[in-house]
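Welcome! Take a look at the sequence and the model, and then let's work through some questions together.

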Amino acid sequence: MIPSDVKATLSFSDGSASMDLPIYKGTIGPDVLDIRKLYAQTGKFTYDPGFLSTASCNSTITYIDGDKGELLYRGYPIEQLAVSCDYLDTCYLLLYGDLPNEAQRKDFHARVTNHTMVNEQMQFFLRGFRRDAHPMAVLTGLVGGLSAFYHDSTDINNPQHREIAAIRLIAKMPTLVAMAYKYSVGQPYMYPKNDLSYAGNFMRMMFATPCEDYKVNPVIERALDRIFILHADHEQNASTSTVRLCGSSGTNPFAAIAAGVACLWGPAHGGANEACLNMLEEIQANGGVAKVGEFMEKVKDKNSGVKLMGFGHRVYKNYDPRAKLMRETCHEVLNELGLQNDPLFKLAMELEKIALEDDYFVARKLYPNVDFYSGIVQRAIGIPVQLFTAIFALARTVGWIAQLNEMIADPEYKIGRPRQLFVGAERRDVKPLDQR
Ligand code: CMC
């Protein structure tokens with residue numbers, strides 16, 4: 001953090017002493033006011049539920065400019081990474097700070113590939129779940145359960161443990177997600193196959209059976225790899241902040257990532273792509289394209305509680321740059337699979353068109369976000385809607401672990417412990433039962 005020459009002064013109208021607040025500059029983005037001594041010097045806290053104006057940490061990993069619609073991983077624009085790199089290159093970049101050279105790339109791909117299998121016991125653990133359990137419920141359990149199997153990588157204060165845990169998590173997530181899927185449909189688990197790409201291996205574990213050879217479709221493989229790249233990190237979003245907060249207590253990496261999975265599940269975050277597809281199916285069931293106008297009226301009516309899922313973003317108040325790339329992939333996949341005329345996809349395109357032109361959405365700068373298109377792509381590929389958020393979790397695992405490791409390696413890190421403005425009852429005495 002670079003100290004700024006400018007200082008802020010906080011003054012009070014009641015005559016209490018004012019306080020100078022140091023300002024720090026980042027390399028790009030807004031400066032921050034350092035309020036760490038505020039309570040000690042003034043006896044006051046700041047109030048910012050939802051973290052609308054609060055930087056919870058300093059970080060070198062991901063930068064978003066929501067107004068410009070810009071997303072950089074370690075300085076590299078997402079548009080360049082999505083076309084020039086694969087997901088594992090992106091993982092390397094997020095974890096170690098720069099893109100790998102040829103030798104580093106080979107070594108990293110080999111290391112991840114060598115950790116794709118999970119302990120055989122994991123499948124017995126999985127069997128404890130109902131077959132119709134939500135995959136995110138299963139995944140939260142399985143990821144947390146990894147800490148019971150890999151005891152040699154649970155010490156978060158040991159850099160080697162953190163490194164092995166990172167590789168294991170990136171390598172094993174596709175295996176776990178595919179196992180959760182196979183279990184839900186009652187098919188045998190497919191073991192990983194190390195001569196396939198990360199995305200290709202995942203497709204095979206998902207869609208192959210032991211009875212037949214499986215050929216990876218390169219268009220779909222590229223589309224999945226792109227979904228993974230676009231979801232790999234997104235700075236201090238809700239699930240990443242959850243991972244940091246959870247890990248700040250010194251808990252093991254698998255437990256911290258399980259907390260991230262749980263947070264991601266929510267419909268305002270990773271659950272949006274599932275919620276979006278459910279919304280499309282509901283409109284389709286209620287009359288399809290002919291009923292879009294009626295549905296949009298409900299969305300615009302504040303009392304209806306209906307939102308257009310897959311639209312809007314807390315940070316991007318301009319177009320989500322990931323959505324642009326995913327839109328391109330979406331059309332590629334629909335063409336490859338001959339699905340351009342599928343009624344649900346036509347409906348999605350109609351919603352997109354209306355929302356991009358309608359005053360309500362234009363005035364509020366509500367654009368389709370990445371999840372609008374990634375849901376459509378995943379459905380086209382044949383991934384069940386319930387599994388969408390698990391795929392997001394798979395892709396985001398590298399971001400979570402990179403952010404967690406960055407925090408733990410920071411000598412200044414402390415357990416996260418927000419404060420509160422208490423507005424409940426003041427001290428009072430318990431009355432005997434007959435007087436309450
Ligand atoms: N449909 C209809 N109206 C909306 C929507 C929407 N999807 N999103 C925001 N608005 C309205 C909102 O009601 C408010 O209107 P007004 O100013 O009249 O009160 C205005 O737009 C500003 O919205 P906000 O709620 O203050 O925005 P936020 O930054 O708090 O919320 C959001 C961001 C993503 C939670 C919200 O846009 C939303 O719920 N979208 C649908 C869910 C979704 O697609 N989430 C995925 C996010 S991308 C994946 C990820 O990165 O996790």
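**Around the ligand**

Q: How far does a polar side-chain atom of H269 lie from an oxygen atom of the ligand?
A: Keep in mind that this is a predicted model. Polar contacts are pairs of N or O atoms within 3.5 Å. Here the pair joins an oxygen atom of the ligand and a polar side-chain atom of H269, and the distance is 2.6 Å.

Q: How much of the ligand's accessible area does the protein cover?
A: Start with the ligand on its own, which has 940 Å² of accessible area. The part of this area covered by the protein is 75%.

Q: Which residue has a polar backbone atom 2.9 Å from a nitrogen atom of the ligand?
A: Two residues offer a polar backbone atom to look at here. For A268, the distance to a nitrogen atom of the ligand is 3.5 Å. The distance of 2.9 Å belongs to F311.

Q: Which residues come nearest to the ligand?
A: There are 21 residues around the ligand. Among these, the nearest are H269, L308, G310, R314 and Y360.

Q: How many residues of the shell around the ligand are charged?
A: The shell can be divided into three groups. Its nonpolar group has 8 residues and its polar group has 6. The number of charged residues is 7.

Q: Which residues form one aromatic cluster with F311?
A: We met F311 through its backbone, which has a polar atom 2.9 Å from a nitrogen atom of the ligand. F311 also belongs to an aromatic cluster. Its partners there are Y360, F361, F372 and Y373.

Q: What kind of aromatic pair do F125 and F129 form?
A: The count of aromatic pairs comes to 15. In the pair of F125 and F129, the ring centres are 6.2 Å apart and the planes make an angle of 50 degrees. Planes under 30 degrees apart would count as stacked and those over 60 as edge-to-face, so this pair is tilted.

Q: Why does F129 count as partly exposed?
A: Buried means under 20% relative accessible area, and exposed means over 50%. F129 falls in between, because its relative accessibility is 22%.

Q: What distance separates the centres of domain 1 and domain 2?
A: The domain assignment gives domain 1 as 2–55 and domain 2 as 86–412. Taken over C-alpha atoms, their centres are separated by 36 Å.

Conventions:
Residues numbered from 1 in each chain as written. Predicted model: local features only at pLDDT ≥ 70, side-chain atom pairs only at ≥ 80, totals over all residues. Heavy atoms only, no water. Near = heavy atom within 4 Å. Polar contact = N/O pair within 3.5 Å; in protein donor to acceptor, adjacent residues only side chain to side chain. Areas by Shrake-Rupley, 256 points an atom, 1.4 Å probe, with all protein chains shown as cover. Nonpolar A, V, L, I, M, F, W, Y, C, P; charged D, E, K, R; others polar. Phe/Tyr/Trp six-rings, centres within 6.5 Å; stacked < 30°, edge-to-face > 60°. Buried < 20%, exposed > 50% of the residue type's maximum accessible area, 1.4 Å probe, protein only. Domains from an automatic or database assignment.
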